[in-house]
Amino acid sequence: MTPRPVRIGVVGGGLMGRELAALCGRWLHLVDHPVRPEVVAVADPNPAAREWFESVATCTTFANDWRALVDDDSIDVLYLAVPHNIHEELYIAAAEAGRDFLGEKPFGIDLAAAERIVAAIDSSRSFVRVSSEMPFFPGALRAFDYAASGALGDIIDVRSQFAHSSDIDRGKIINWKRRAETCGEIGVMGDLGMHVAHVPLRLGYLPSSVYALLDDIVTTRPSASGGVVPCDTWDNALLANRVPASSASRGFTMLWETRRIAPGNMNSWSFEALGMDGGVRFSTRTPTTLDRFTRRDGEQVWEQVQPGNVSAWPMISGGIFEFGFADALLQMWASFLAEREGDLGSRFGTATPQEALDSHRVFAAALLSQASGCAEPLA
Ligand SMILES: NC(=O)c1ccc[n+]([C@@H]2O[C@H](COP(=O)([O-])OP(=O)(O)OC[C@H]3O[C@@H](n4cnc5c(N)ncnc54)[C@H](O)[C@@H]3O)[C@@H](O)[C@H]2O)c1
């Protein structure tokens with residue numbers, strides 16, 4: 001079957017916009033995928049960002065205003081990858097224009113913005129999903145399947161963590177991600193929170209209340225224009241959540257940890273769920289292995305499984321080879337574009353606008369908890 005072409009317009013040609021252009025260039029890694037995407041347009045007010053896209057052979061539109069792409073009917077799908085303070089206006093305009101899009105997290109600068117974005121999507125004809133690629137590691141998919149299978153029995157505890165140390169250097173020049181005005185008052189939770197929320201929320205683990213410990217470690221940073229300016233976002237967030245009882249399990253505790261300053265971690269995403277009958281854990285620090293807990297012959301056993309390079313969407317790379325960040329992005333896009341075509345089947349799907357909204361409800365409760373010093377219910 002000939003794959004259907006999909007013309008993509010990128011709004012925000014920065015770090016993530018470039019990742020999409022690069023992964024479209026290696027789409028041949030996928031075996032028998034129903035579509036073939038190509039980046040045909042970019043919108044970015046920064047000339048240097050647009051210039052980078054001149055090396056993308058399929059890209060023929062270079063705009064400095066995103067409206068040119070939202071209004072362009074020859075584009076099938078938009079990828080919206082801009083600073084958080086721009087999400088609301090852009091995502092709502094895209095939904096009102098009936099455009100299909102993958103929007104970067106956190107889906108608005110705060111809960112109120114996320115509510116307005118999701119309301120606009122709900123009353124549109126747009127197919128929309130939220131970027132979150134880490135669950136597409138083969139080990140993460142296997143961990144999800146194991147937890148979803150009911151093999152854990154009554155759940156005791158869940159931990160979902162994203163730790164990196166991009167901010168450990170106090171001399172690093174400030175950028176939009178380190179300012180509340182552009183990143184959001186939720187700080188690191190806006191940056192990394194969707195990554196820790198996606199798998200738990202897909203498993204139905206929606207907290208009812210949150211106790212938060214938020215930490216602003218580096219409070220000033222050098223500015224590109226000279227001098228030192230305030231760095232007013234939370235660097236690290238530790239959320240202790242209570243998940244209420246359901247028909248599938250007793251109520252349990254769940255930690256969501258997001259850290260921009262976690263010494264020893266470059267970019268570590270991990271998920272662990274423990275129950276009375278079994279447990280599972282996976283970390284991108286050890287991408288080739290997945291641990292499963294079981295009780296056997298009176299002994300408590302952690303066994304190590306090698307999931308191999310066996311992805312939701314088959315790749316030409318052999319099953320014995322290592323899987324990495326760029327592969328996770330490729331798999332997420334394969335999932336998003338296939339779901340848009342109605343071809344997802346039973347495979348793991350990209351995060352939904354409702355999941356982004358629920359994550360924002362947790363982060364908003366976390367801000368209240370930080371201020372009150374008490375656990376706070378979700379709005
Ligand atoms: N999924 C992931 O792993 C991941 C990783 C990093 C960032 N992100 C998210 O991606 C989004 C972008 O982050 P980034 O790291 O690519 O940032 P970035 O700063 O590298 O790129 C953002 C780009 O947006 C452009 N921009 C600013 N205002 C614009 C406007 N009005 N119209 C069009 N373009 C505009 C900037 O010039 C810049 O080129 C954010 O929502 C962020 O949270 C996701």
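Visitor: Which residues have the most contacts inside the largest nonpolar core?
Guide: Happy to start there, and do keep in mind that this is a predicted model. The largest nonpolar core has 103 residues. Those with the most contacts inside it are V10, V11, Y79, L80, A140 and A366.

Visitor: Where does this core lie with respect to domain 1 and domain 2?
Guide: Domain 1 covers 4-130 and domain 2 covers 134-377. Both give residues to the core, so the core lies between them.

Visitor: Which residues does V10 touch, leaving aside those up to four places away in sequence?
Guide: V10 is one of the residues with the most contacts inside the core. With those sequence neighbours left out, V10 touches G17, L20, A21, V39, A41, V42, Y79 and A81.

Visitor: Which strands stand at the edges of the sheet?
Guide: Good one! The open sheet has nine strands in the order β16-β15-β14-β13-β7-β12-β11-β8-β17, with mixed pairing. An edge strand here has a single partner, so one side of it is left without a neighbour in the sheet. That describes β16 (299-305) and β17 (376-377).

Visitor: What is the bridge partner of G279 in β15?
Guide: Strand β14 spans residues 279-283, and it pairs with β15 (residues 290-296) in the antiparallel sense over three bridges. In β15, the partner of G279 is F293.

Visitor: Are α4 and α5 roughly parallel or roughly antiparallel?
Guide: The axes of α4 (residues 84-96) and α5 (residues 111-122) come within 8 Å and cross at roughly 10°. Angles under 35 degrees count as roughly parallel. The two helices α4 and α5 are therefore roughly parallel.

Definitions and conventions:
Residues are numbered from 1 along each chain as its sequence is written. This is a predicted model: local features need pLDDT of at least 70, side-chain atom pairs count only at pLDDT 80 or more; totals for chains, interfaces and linings use all residues. Two strands pair if DSSP finds at least two bridges between them. Helices (H or I, at least four residues) and strands (E, at least two) are DSSP runs, numbered from the N terminus. A nonpolar core is a set of buried Ala, Val, Leu, Ile, Met, Phe, Trp, Tyr and Cys residues joined through C-beta atoms within 7 Å. A residue is buried if 20 or more other C-beta atoms lie within 10 Å of its own, exposed if 12 or fewer, and partly exposed in between; C-beta atoms are placed from the backbone. Domain bounds come from an automatic or database domain assignment. Two residues are in contact if their C-beta atoms, placed from the backbone, lie within 7 Å. Axes are lines fitted to C-alpha atoms, for helices over the stretch in contact, and angles run from 0 to 180 degrees between N-to-C directions. Angles under 35 degrees count as roughly parallel, over 145 as roughly antiparallel, 65 to 115 as roughly perpendicular and the rest as oblique.
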